[in-house]
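Thanks for coming, everyone. Please have a look at the model on the screen, and then I will walk you through it.

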Amino acid sequence: DDIEFNAGNGAQIGREIEGARRRAFAVALGLDALSVIMTAVVALLAVRAIGGHERLLREHNRLLAQRADELEQFAGRVAHDIRNPVGIGLLCLEAIHRRASEEPALSRTSERGLSSLRRASRLLDGLLTFARAGAQPAADARADVPAVVGQLLDELRPVGAETGIAIESDLAPCSVRCAPEILEVLVSNLVRNAFR
């Protein structure tokens with residue numbers, strides 16, 4: 001009786017184990033299927049997101065290129081329109097300067113005017129170069145800081161002297177990655193603001 005009872009219980013437990021195994025297999029199969037579906041959905045969403053991001057990048061790059069072209073055209077027009085009067089002013093002041101050798105005050109004034117117009121011409125060239133480069137410095141652009149600052153301060157010393165301001169500089173040899181004209185604009189703005 002005990003053997004038959006144990007055999008019956010063993011058979012019952014075996015059937016329960018088999019049922020549990022089938023249910024576990026069905027749940028595992030369902031979870032695998034759900035995992036595959038979720039992976040496919042996530043992959044689809046990722047592909048759509050990447051495609052959208054690529055479209056945004058292409059549009060952004062197109063707009064940047066368009067703006068760079070507009071900047072180049074604008075700078076070219078401005079440089080051309082301003083270069084003509086600056087050139088005429090240079091010619092006139094050079095003629096006055098040649099004839100002003102007997103009058104030191106007129107000679108100094110004409111020399112200052114010539115220096116300013118030459119600087120304006122360099123700045124126009126720098127603006128045009130900067131705009132043509134899409135508002136980015138050229139890869140080989142370098143400005144010798146002491147040379148640019150020294151030349152600019154020589155031009156600005158008379159302006160400072162008129163208001164009782166002395167300008168001095170003590171710069172170690174160094175360079176920066178930009179066109180000399182751009183550095184000149186930056187330093188000029190700083191010094192003129194300091195004058196004010």
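**Salt bridges, cores and a surface patch**

Let me start with a network. E18, R21 and R22 are linked by salt bridges. Keep in mind that this is a predicted model.

How far should we trust it? The mean pLDDT of the protein chain is 84. Of its residues, 96% reach 70 or more. Which elements sit at the two ends of that scale? Helix α2, residues 104–132, has the lowest mean pLDDT, at 78. Strand β2, residues 175–176, has the highest, at 92. A general caution here: where pLDDT is low, the predicted coordinates should not be read in detail.

Back to the salt bridges. How many does the structure hold? Five. Take the one between E18 and R21. Their closest N and O atoms are 2.7 Å apart. Both residues are in helix α1, three residues apart, so about one helical turn separates them. E18 is partly exposed, because its relative accessible area is 27%, between the 20% limit for buried and the 50% limit for exposed.

Now move along the helix to a second pair. R62 and E59 join their side chains in a salt bridge, 2.5 Å from N to O. The spacing is three residues again, about one turn of helix α1. R62 has a relative accessible area of 43%, so this residue is partly exposed. E59 comes in at 36%, and so counts as partly exposed too.

A third bridge pairs R118 with E111. Here the N to O distance is 3.7 Å. Buried or exposed, or something in between? R118 is partly exposed, at 36% relative accessible area. E111 is partly exposed as well, at 34%.

Let me stay with helix α1 for a moment. This helix runs from residue 2 to residue 99. M38 is found in it. At 48% relative accessibility, M38 counts as partly exposed. M38 also helps to make a nonpolar surface patch, together with V27, L31 and L34. The area of that patch is about 390 Å².

N84 is another residue of helix α1. Its relative accessibility is 44%, so N84 counts as partly exposed. Look across to S121. The two are 37 residues apart along the chain, and their C-alpha atoms are separated by 9.8 Å.

Now to the inside. What is in the largest nonpolar core? There are 13 residues. Those with the most contacts inside the core are V149, L153, L156, I167, L183, V187 and V191. Helices α3 and α4 each supply at least two residues of this core. Which element gives the largest share? That is α3, with six residues. Apart from this core lies another one, of seven residues. Among them are V86, L93, L124 and L128.

Pick L153 as an example from the first core. Leaving out residues up to four places away in sequence, L153 touches I167, E168, S169 and V191.

Next, V145. This residue lies in helix α3, which covers residues 145–162. V145 is buried, because its relative accessible area of 11% falls under the 20% limit. What does V145 touch, beyond residues up to four places away in sequence? The list is L171, C174, S175, V176 and L183. S175 deserves a second look. V145 and S175 are 30 residues apart in sequence, yet 5.2 Å apart in space, C-alpha to C-alpha.

Last stop: E184. This one lies in helix α4, residues 180–195. Its relative accessible area is 6%, so E184 is buried. And its neighbours? Not counting residues up to four places away in sequence, E184 touches R119, R122, L123, V148, L152 and E155.

To recap. There are five salt bridges in the structure, with E18, R21 and R22 joined in a network. The largest nonpolar core has 13 residues, and its largest share comes from α3. A nonpolar patch on the surface is made by V27, L31, L34 and M38. V145 and E184 are both buried. Thank you.

Terms used. Residues numbered from 1 in each chain as written. Predicted model: local features only at pLDDT ≥ 70, side-chain atom pairs only at ≥ 80, totals over all residues. Heavy atoms only, no water. Helix = DSSP H or I, 4+ residues; strand = E, 2+ residues; numbered from the N terminus. Buried < 20%, exposed > 50% of the residue type's maximum accessible area, 1.4 Å probe, protein only. Contact = heavy atoms within 4.5 Å. Core = buried A, V, L, I, M, F, W, Y, C linked by side-chain atoms within 4.5 Å. Patch = residues over 30% accessible without salt bridge, like charges linked within 9 Å, V, L, I, M, F, W, Y side chains within 5 Å. Areas by Shrake-Rupley, 256 points an atom, 1.4 Å probe, with all protein chains shown as cover. Salt bridge = Lys/Arg side-chain N within 4 Å of Asp/Glu carboxyl O. pLDDT = per-residue confidence, 0-100.
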